Amino acid sequence: MDTEGSHFFALFAFALNNQHDATVHLLFGHQWRGPMMLIVLAAFALGVVVGVLGMLPGWWKRRTPPTEPATPAGASVRGEDSLLPTPPHGL
């Protein structure tokens, strides 16, 4: 059996074994009752959303192109007569 099929089977068996109601106690005396599988799915979805939102600033930073350094008028950063070797890509 492939790994995706075995994961689906394990998740399906977990859902069948956890159909009873569970209570989540929230703040200020509020509570939420629902099937255990729905509560686990909601917690997983909330974790995915929080994780993606936490990674968005880093993704946005890498997407924006870096700005060129300011150079005096008429000067080049690396002229034709430069004795420095060209660094490898990515450095």
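**Exercise 1.** In this predicted model, find the strand in which Trp 32 lies, and decide whether Trp 32 counts as buried, partly exposed or exposed.

*Solution.* Start with the position: Trp 32 belongs to strand E2, residues 31-35. Next, take its relative accessibility, which is 36%. Buried would require under 20% and exposed over 50%, so Trp 32 counts as partly exposed.

**Exercise 2.** Work out which residues join Trp 32 in a nonpolar surface patch, and which element supplies the largest share of that patch.

*Solution.* Look around Trp 32 on the surface: the patch also holds Leu 26, Leu 38, Leu 41, Phe 44, Val 48, Val 52, Met 55 and Trp 59. Together, the patch residues have about 860 Å² of accessible area. Now sort the members by element: helix H2 gives the largest share, with seven residues. A helical rule helps here: an α-helix has 3.6 residues a turn, so residues three or four places apart point the same way.

**Exercise 3.** Describe the length of H2 and find where H2 bends.

*Solution.* Helix H2 runs over residues 36-63, 28 residues in total. From first C-alpha to last, H2 reaches 40 Å, close to the expected 40 Å. Then follow the axis: H2 bends by about 35° at Leu 56, and Pro 57 follows within four residues.

**Exercise 4.** Place these elements in the whole chain: what pattern does the protein chain follow, and what percentage of its residues count as buried?

*Solution.* Along the sequence, the two helices and two strands follow the pattern α-β-β-α. Of the 91 residues, 5% count as buried. Finally, the surface: the accessible area of the protein chain is about 8500 Å², with 68% belonging to carbon and sulfur atoms.

Technical notes
Residues are numbered from 1 along each chain as its sequence is written. This is a predicted model: local features need pLDDT of at least 70, side-chain atom pairs count only at pLDDT 80 or more; totals for chains, interfaces and linings use all residues. Side-chain values use heavy atoms; hydrogens and water are left out. The expected span of a helix is 1.5 Å times one less than its number of residues. The bend at a residue is the angle between axes fitted to the seven residues ending there and the seven starting there. Buried means under 20% relative accessible area, exposed over 50%, partly exposed in between (1.4 Å probe, protein chains only). Accessible areas come from the Shrake-Rupley method with a 1.4 Å probe; for residues, only the protein chains shown count as cover. Patches are made of residues with over 30% relative accessible area and no salt bridge: like charges are joined within 9 Å, nonpolar side chains (Val, Leu, Ile, Met, Phe, Trp, Tyr) within 5 Å. A salt bridge is a side-chain nitrogen of Lys or Arg within 4 Å of a carboxyl oxygen of Asp or Glu.
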